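I opened this entry to look up how the parts of the chain are arranged and what holds my attention where they meet. I begin with confidence and then turn to the domains.

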Amino acid sequence: MSNQVILVDDQGLKKVMNHYASSKIVRNAPGVVFAAKLTDTSITAYKSGKVLFQGGGAEREAARWGKAEGSATPTKVKVKGDTLPDRLAELSVVGSDETGTGDFFGPVTVAACFVRADQVELVRELGVRDSKQLTDDLMRKIAPDLQEALIYNVLTLKNDKYNEVQARGWSQGKIKALLHNQALRHVLRKMDGEKPDYILIDQFAERGIYYNHIKAQSEIVRENVLFSTKAEGLHMSVAAASIIARVAFLEEMDRLSGIAGVELPKGAGSKVDEVAARILLKNGEETLKSLTKWHFANAGKAKAIALKKKK
Ligand code: MN
């Protein structure tokens, strides 16, 4: 598995899009203008002119453009984190990942999940891929099968609790670190003495910072822990954890939407401000607060919009 990035101009981008047109897929991610999937390579083109090639055929596909056009130099994407063992993808690994941290509405959720070496293929067959390539609906379908087949733990930090600890001065980094450690502990306990080859945390903070956040905990998971960014692509356990965390987030969003009487939008954009302003006018500040991460700038923006609407 390798990653390659090339930089192309508008002309180059058109050529890339034409070339892969028959393998085009829909990918609704920020900044993405085109995506395609070959049997061994994912291709993602960004507004910035960067084209990312991922997978076994990445080098081959990137070279096609770098050399042919002379307009681009392939460079390795830097995955930050530990030096990883060979054939990590085939080992028995407990992985963990979180979601919801960038969304004004809804909880932060963290999941950890054990995928034994002999389950890697099964998990792939259940449809697990890098969650950035899966839609929410597809993830909702896959998650129950994963939860049936795997040892996992998922934690949903509700908004009231999030706002309480945030007001006490906890950073998002600390909140995430505590949840990851807790989810990993639960999974290791459920494994009943069985040891994974590694524990792989999708890196949101460097090792030293992570352990500093959780230093006061009575039980700290340290043995064979690896940190890497983009870890969903490195082992099925992280990809599965990411899906389970995402679905827990979606389910809590469904519940909160019921309370609000309106479908709560994801993210932290202007749509979010609009909906938040409406809730503010209809249900008041306490209700809005209980649905959100209150320290986000969206709270102030919603208040400003609500004030204008009142006039
Ligand atoms: Mn992550």
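**Confidence first**

I looked for the weak stretch and found that pLDDT stays under 50 over residues 67-77, for which the model has 26 contacts beyond four places in sequence. Where pLDDT is low, the predicted coordinates should not be read in detail, and I therefore leave the contacts of residues 67-77 uninterpreted. The model is a predicted one, and over the protein chain I noted an average pLDDT of 91, with 95% of the residues scoring at least 70.

**Domains**

I then looked up the division of the protein chain, which is into domain 1 (3-63), domain 2 (88-255) and domain 3 (268-310). I took up the pair formed by domain 2 and domain 3, whose C-alpha centres I find 29 Å apart. How much area is buried between domain 2 and domain 3? I noted about 1,200 Å², with 63% of that area given by carbon and sulfur atoms. In domain 2 the residues that lose the most area to domain 3 are Phe104, Phe105 and Asn163, which together make up 60% of what that side buries.

Counting residues in contact, I get 15 from domain 2 and 16 from domain 3. I searched this interface for charged pairs and found 0 salt bridges, whereas 10 residue pairs are in polar contact across it. On the side of domain 2 that touches domain 3, helix 5 (residues 159-167) gives the most, with 5 residues, and the residues of that side divide into 5 nonpolar, 8 polar and 2 charged.

**Salt bridges**

For the model my count comes to 17 salt bridges. I followed one of them, between Asp136 and Lys266, where the closest N and O atoms are 3.4 Å apart. Asp136 sits in helix 4 (residues 136-149), while Lys266 lies in the loop between helix 8 (236-260) and helix 9 (270-283), so I record the pair as linking distant parts of the chain, 130 residues apart.

Notes
Residues are numbered from 1 along each chain as its sequence is written. This is a predicted model: local features need pLDDT of at least 70, side-chain atom pairs count only at pLDDT 80 or more; totals for chains, interfaces and linings use all residues. Side-chain values use heavy atoms; hydrogens and water are left out. pLDDT is the predictor's confidence in each residue, from 0 to 100. Contact means heavy atoms within 4.5 Å. Domain bounds come from an automatic or database domain assignment. Buried area is the accessible area (1.4 Å probe) that two parts lose on being put together, summed over both. A salt bridge is a side-chain nitrogen of Lys or Arg within 4 Å of a carboxyl oxygen of Asp or Glu. A polar contact is a pair of N or O atoms within 3.5 Å; within protein, one must be able to donate a hydrogen and the other to accept it, and residues adjacent in sequence count only if both atoms are side-chain atoms. Helices (H or I, at least four residues) and strands (E, at least two) are DSSP runs, numbered from the N terminus. Ala, Val, Leu, Ile, Met, Phe, Trp, Tyr, Cys and Pro count as nonpolar, Asp, Glu, Lys and Arg as charged, and the others, Gly among them, as polar.
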